[in-house]
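Hi,

Here is the structure I promised to pass on. Have a look at it first, then read on for what turned up.

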Amino acid sequence: YRLLLFSVPAMLLLIGTGIGALYDYVNKKTLVLLPVVFLLLFWPVLSAFNHLLKPRTNQEITQALAYVQQRQQPGDVLYLYFASEYAFDYYRQRFPGLPARIVVGVDSGGKPAVYERDLGQLRGNARVWLLFTHTRKADNYDEELFFLNYLDRIGKREDAATFPGASVYRYDLRR
């Protein structure tokens, strides 16, 4: 990382020199292209800076599945947030002790009523695990938070664990 850190000023000088040479090369009639070229050159830099501020994290679904495997009991239900399905399918063989009944959630496109209907099929179960990875978060809407608020109203949260990019919760939905 240090080598990259010390090479940044040199790269910025090279980029600046390239932009200056490009500016000299382009005549007045083609100055319209200059903003396009500028965006093409700096888009990767802006993207890298964005990832520096908000680093990408791994979706630690394996830790979440190990947590469920260690604590599950016969008769438990595992509900998968719809975007977790493919990662779950990939890692499922590593965790043979997971609940037998697995319910894959639907993608509601952000419509709460669809999620509420989907979660309704879990009512009456004493132990329901919910696995979240790859959740959608918008400026004013967090789907995982919506699920938790709704489930807190219709049931009782009895267990929870969060990992980088993944989380699991256990609810009693008998009431």
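**Helix α5 and its surroundings**

The buried residues of α5 pack against β1 (77-80), β3 (128-133) and α6. Before going further, keep in mind that this is a predicted model. The residues in question are Tyr115, Asp118 and Leu119. Looking down the axis of α5, you'll see them fall within an arc of 95°, so they line one face of the helix.

The pairing with α6 is worth a look too. Helix α5 covers residues 112-120 and helix α6 covers residues 143-154; their axes come within 11 Å and cross at roughly 50°. Since oblique is the label for angles that are neither roughly parallel, roughly antiparallel nor roughly perpendicular, α5 counts as oblique to α6. The crossing of the two is right-handed. On the α5 side, the contact is made by Pro112, Tyr115, Glu116 and Leu119, while α6 brings Glu143, Phe146, Phe147, Tyr150, Leu151 and Arg153. Sorted by type, the residues of this contact are seven nonpolar, three charged and no polar.

**Helix α3**

Over in α3 (residues 61-71), the buried residues are Ile61, Ala64, Leu65, Tyr67 and Val68. Their arc around the axis is only 155°, so they sit on the same side of α3. What do they pack against? The partners of the buried α3 residues are α4 (85-91), β3, β4 (156-163) and β5.

Ile61 turns up again with serine 84, which is found in the loop between β1 and α4. Serine 84 has a relative accessibility of 0%, and therefore counts as buried. Neighbours within four places in sequence aside, serine 84 is in contact with Ile61, Leu131, Phe132 and Thr133.

**Tyrosine 171**

One more residue to click on: tyrosine 171, in strand β5 (residues 166-172). Is tyrosine 171 buried or exposed? Its relative accessibility is 0%, so tyrosine 171 counts as buried. If you again skip neighbours within four places in sequence, its contacts are Ala126, Arg127, Val128, Leu130, Leu148, Leu151, Asp152, Gly155, Lys156 and Arg157. Leu151 is also one of the α6 residues that make the contact with α5.

For a sense of distance, try tyrosine 171 and leucine 53: they are 118 residues apart in sequence, and C-alpha to C-alpha they are 35 Å apart in space.

That's what I have for now.

Cheers

Methods: Residues are numbered from 1 along each chain as its sequence is written. This is a predicted model: local features need pLDDT of at least 70, side-chain atom pairs count only at pLDDT 80 or more; totals for chains, interfaces and linings use all residues. Side-chain values use heavy atoms; hydrogens and water are left out. Axes are lines fitted to C-alpha atoms, for helices over the stretch in contact, and angles run from 0 to 180 degrees between N-to-C directions. Helices (H or I, at least four residues) and strands (E, at least two) are DSSP runs, numbered from the N terminus. Angles under 35 degrees count as roughly parallel, over 145 as roughly antiparallel, 65 to 115 as roughly perpendicular and the rest as oblique. A crossing is left-handed if the near helix is turned anticlockwise from the far one by less than a right angle, and right-handed if clockwise. Contact means heavy atoms within 4.5 Å. Ala, Val, Leu, Ile, Met, Phe, Trp, Tyr, Cys and Pro count as nonpolar, Asp, Glu, Lys and Arg as charged, and the others, Gly among them, as polar. Buried means under 20% relative accessible area, exposed over 50%, partly exposed in between (1.4 Å probe, protein chains only). The arc is that of the directions from the helix axis to the C-beta atoms.
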